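Me: I want to go through this structure by question and answer. Keep the replies short, and end each one on the result.

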Amino acid sequence: MGIEFKYSFASLIGLIVIICVIICSIYIKSRKIALFPHLDLFGEPKRFIVRYIPFLVILLTILVTVLAMHPFVKEHLYSEKRVYNIIIALDVSNSMKEKNKLKISKEIIRDFLLKRDEEDRIGILVFDNLPFRLMPLTTDRGALLRVISVIRPAMVDVGGTAMYDGLVEALNMFMKDRRSKIIILLTDGGDINSKYTIEDVIRFNQDIGAKIYTIGVSSGMNFYVLERLSEATGGKAFFVTKDYQNALKSVFDEINMLEPSYIQEYKFDIEKPVDFYVKLAAVFVVFLILVKILLTPLREKVNV
């Protein structure tokens, strides 16, 4: 807890008065009348009033000082929530029917969506011979789950694999002013139908700034292409050749760990006023002084 003063001039006066009263009390014996020359202007000085002028001065000083004080406690708060923008680019070519790769991929993607923070915006793009935006970036998990349920092989055109065209289309789904952009590419084959090249994808992404995580689910594909895409964009490449269910689950769990929805990385201090308790204590002190002033004449009458 700390204390600062809003009105430093008033606080300085209060401090000086308190010091003066303390010094005077050392030299003036108790129960002696402290004579103040200017009181003669108002007639014969009263013993009671004059005796308790120091107390009244202290009372006024306490009130002024309390008004000037601004007690506070410092609290440390962590406050930043990173919201991700994630596009899932899913290969729906005919070859994804083999070994239930597409069915398993849909199940794993569904679980991935449910594990992400509700404020993360997620979109889905599918591609075979052509890319198709199945769902724009949204936080509506219900809509995303419904869309995933209708995904099927060769649902866009006649099959084929236009992977680079799909990635360019996915990049165009992002808004440039948003941060934390991620593409998760899941495919089982090399590109054979795109009008764009891998160099085009890397060049376009320089303006977007998205990380591309690539997942290959076939032993017969060109892994170098996926590694190149991920390394050039700050992502990571994964390769699954068997046990697709458990392997894909591990891959998406790792992506969740690499890109956590909630992070605590910024710390700042806030000042929380606690004037009430300090001023309550001051009022109690003032009350004691007033009681002493009011009871003293009664005691003197009793003694007389």
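Me: What percentage of the residues of the protein count as buried?
Reply: This is a predicted model. Buried here requires a relative accessible area under 20%. The protein has 304 residues, and the share that counts as buried is 41%.

Me: How confident is the predictor, on average, and what share of residues reach pLDDT 70 or more?
Reply: The mean pLDDT of the protein is 79. The share of residues that reach 70 or more is 60%.

Me: Over which residues does pLDDT stay under 50?
Reply: Where pLDDT is low, the predicted coordinates should not be read in detail. One such stretch has eleven contacts beyond four places in sequence in the model. Its pLDDT stays under 50, and it covers residues 33–46.

Me: Among contacts between residues at least 6 apart in sequence, what percentage join residues at least 24 apart?
Reply: The protein has ten helices and nine strands. Contacts are taken between residues at least 6 apart in sequence. The share that joins residues at least 24 apart is 78%.

Me: What is the strand order in the open sheet of six strands?
Reply: The pairing in this sheet is mixed. The twist from one strand to the next averages 15°. The order is β5-β4-β3-β6-β7-β8.

Me: Which strands stand at the edges of that sheet?
Reply: An edge strand here has a single partner strand, so one of its sides is left without a neighbour in the sheet. Two strands fit: β5 (131–138) and β8 (237–239).

Me: How do β4 and β5 run, parallel or antiparallel?
Reply: A hairpin joins β4 to β5 through three residues. Strand β4 covers residues 121–127, and five bridges join it to β5. Ile122 stands opposite Thr138 in β5. The two strands run antiparallel.

Me: What is the bridge partner of Ile124 in β5?
Reply: Strands of a sheet pair through backbone hydrogen bonds, either parallel or antiparallel. For Ile124, the bridge partner in β5 is Met135.

Me: Which residues does Val147 touch, not counting those up to four places away in sequence?
Reply: Val147 lies in helix α5. Helix α5 (residues 141–149) lies across β4 and β5, and runs at about 160° to β5. Val147 counts as buried, because its relative accessibility is 13%. Beyond four places in sequence, Val147 touches Leu134 and Met135.

Me: What separates the C-alpha atoms of Val147 and Ile124?
Reply: Along the chain the two residues are 23 residues apart. Between their C-alpha atoms the separation is 8.6 Å.

Me: How many of the ten residues of α6 are buried?
Reply: The buried residues include Met163, Tyr164 and Asp165. What covers the buried residues of α6 includes β3, β4, β5, β6, α7 (198–208) and α8 (223–233). Helix α6 is largely enclosed by the rest of the structure, because its buried residues number eight.

Me: Which residues of β3 are buried on the side that holds Ile86?
Reply: In a regular strand the side chains alternate between the two faces of the sheet. Seven of the seven residues of β3 are buried, so the strand is largely enclosed. One side has Asn85, Ile87, Ala89 and Asp91. The other has Ile86, Ile88 and Leu90.

Me: What is the bridge partner of Asp91 in β4?
Reply: Seven bridges join β3 to β4, and these strands run parallel. In β4, Asp91 is partnered by Phe127.

Me: Which residue in β7 does Ile183 stand opposite?
Reply: Strand β7 (residues 211–216) is mostly covered, with five of its six residues buried. Six bridges join β6 to β7, which run parallel. Opposite Ile183 in β7 stands Ile212.

Me: Which kind of aromatic pair do Tyr196 and Phe204 form, stacked or edge-to-face?
Reply: A search of the whole structure finds three aromatic pairs. In this one the ring centres of Tyr196 and Phe204 are 5.6 Å apart. Tyr196 is partly exposed at 27% relative accessible area, and Phe204 is partly exposed at 29%. The planes stand at 80°, so the pair is edge-to-face.

Terms used
Residues numbered from 1 in each chain as written. Heavy atoms only, no water. Helix = DSSP H or I, 4+ residues; strand = E, 2+ residues; numbered from the N terminus. Buried < 20%, exposed > 50% of the residue type's maximum accessible area, 1.4 Å probe, protein only. Contact = heavy atoms within 4.5 Å. Pairing = 2+ DSSP bridges. Axes fitted to C-alpha atoms, helices over the stretch in contact; angles between N-to-C directions. pLDDT = per-residue confidence, 0-100. Phe/Tyr/Trp six-rings, centres within 6.5 Å; stacked < 30°, edge-to-face > 60°.
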